[in-house]
Every structure is written in structure tokens, then in C-alpha cells.
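Please open the structure in your viewer and keep the sequence panel visible beside it. We will select a few places in turn and look carefully at what is there.

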Amino acid sequence: MNDWKLLLQHRDFRRLWLALVADNLGTWCVIATLPILVAERFGAGNALVITLGLRLLPRIVLAPLAGMLLQRFGARRTGAAALALTGLLTVALPWCHGFAVLQGAILATGMLDVFVTLAMLALRSPVTPRGLELAGNTVFASADRLAKFVGPAIGGLAVSVGFAIAYAGFGAAILLAA
């Protein structure tokens, strides 16, 4: 536990860790509630399968291109831009009433997520103090696991007050990470 305290005293490490927490929390809220949004608007079945596929497919296809762009423009700049765009698109999702428009927005967030994920990974090593790499990885992994556990519960509660308000909150969390 002392290593955690020591790591979080380093400003750059703490900033990246907080960005990871905010992004993962917002993202897992969206992932958990997106099926509810799609089912309410378009019914379950094929629409839901297409939506989830469009969210995940870019991770496989775009990783090499994303890596090249991160090398060219830098992980920090590319990651921040992708987070900002993802946050704005997330806020807009409840307002996408047409199936094609919603699918386009979902595909775009999936594409941007590739850049966010690679940028976050690339930035871990430079902000982790020498000798604390293992502890640093543990702290970063805890942020990811926490969001996977808490995000769906928060997302489920949030959509009970309405999709527009909930997705504004999810988007705000992701924008905060930028």
C-alpha cells in the first residue's frame, strides 16, 4: 500500500491514473447501458448485435494505423484528442434517433477507443517512477477493474433518470479524462 501512496504522489502518474479512472468509468457506463438504449429505440436482436460489433471491431482493424499516428503526433496529444471526441460523441448518443446515425456514432467511438487505449498504454511507462513499475501496473489495473465493476451499476442507475442526463454524465467523465 505504501507503493500506491508513493506512486500517487507523482503528479504525472496521478494525472494519468485519474484520466484512466474517469475514461474507464464513463466507457463502462456506456457499454453497460448501450444495449438498453438500442433495445428501447430499435428492439433487441440484430440491431443490438450490430451495435456491439461496431463498437469492438475497430480494435482489431485499426490498431496498426493508430500505432503509427501515435508515433507521429505523440501519445498525449492523440489520446487527449480522441478522449475529447469520444466524450462529445457520448453526450450525443441519446440524440441519435436514426439507426444509421446511431451506428455511425458507435463506430466512431469504437475507432476513437483504439487511439485512447494505445495512448494510455504508451503513457504508462514514462510516468511510472523507476523501480515502481510492478506497483504502477497494479495501480493502473485496479483503475480498470474498478470501472468494470462499478461502471455498469452507475450506468444502470443513471439511465433510470433518462438517457440524455445519463449520457451527459458519461460523456463528462470521458471529457474529464482528456
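The tour below goes from helices to their contacts and then to single residues.

Before selecting anything, note that this is a predicted model, in which local features need pLDDT of at least 70 and side-chain atom pairs count only at pLDDT 80 or more, while totals for chains, interfaces and linings use all residues. Residues are numbered from 1 along each chain as its sequence is written, and side-chain values use heavy atoms, with hydrogens and water left out.

Begin with helix 2, residues 11-42; helices here are DSSP runs of H or I with at least four residues, numbered from the N terminus. At 1.5 Å a residue, its 32 residues should span 46 Å (the expected span is 1.5 Å times one less than the number of residues), and this agrees with the 45 Å between its end C-alpha atoms. Now select T33, where helix 2 has a kink of about 40°, shortly before the proline P35; the bend at a residue is the angle between axes fitted to the seven residues ending there and the seven starting there. Just after helix 2 comes G43, whose phi is positive, near 85°.

Next, add helix 1 to the selection. Helix 1 and helix 2 pack at an angle of about 100°, with their axes 5 Å apart; axes are lines fitted to C-alpha atoms, for helices over the stretch in contact, and angles run from 0 to 180 degrees between N-to-C directions. The two helices, helix 1 and helix 2, are therefore roughly perpendicular, a term for angles of 65 to 115 degrees. Where do helix 1 and helix 2 meet? On one side are L7, L8 and Q9 of helix 1, and on the other R11, F13, R14 and W17 of helix 2, where contact means heavy atoms within 4.5 Å.

Keep helix 1 (residues 2-9) and select helix 7 (residues 133-159), which packs against helix 1 at an angle of about 85°, with the axes 10 Å apart. Helix 1 and helix 7 are therefore also roughly perpendicular to each other. Their contact is made by D3, W4 and L7 of helix 1 together with A135, G136, T138, V139 and S142 of helix 7.

Finally, select T86, which lies in helix 5 (residues 75-92). Is T86 buried or exposed? T86 counts as buried because its relative accessibility is 7%, and buried means under 20% relative accessible area (1.4 Å probe, protein chains only). Leaving aside neighbours within four places in sequence, T86 is in contact with L112 and I174. Then move to T109 in helix 6 (residues 99-127), which counts as buried at 4% relative accessibility. Not counting residues up to four places away in sequence, T109 touches R55 and L89.

Conventions: Angles under 35 degrees count as roughly parallel, over 145 as roughly antiparallel, 65 to 115 as roughly perpendicular and the rest as oblique. Buried means under 20% relative accessible area, exposed over 50%, partly exposed in between (1.4 Å probe, protein chains only).
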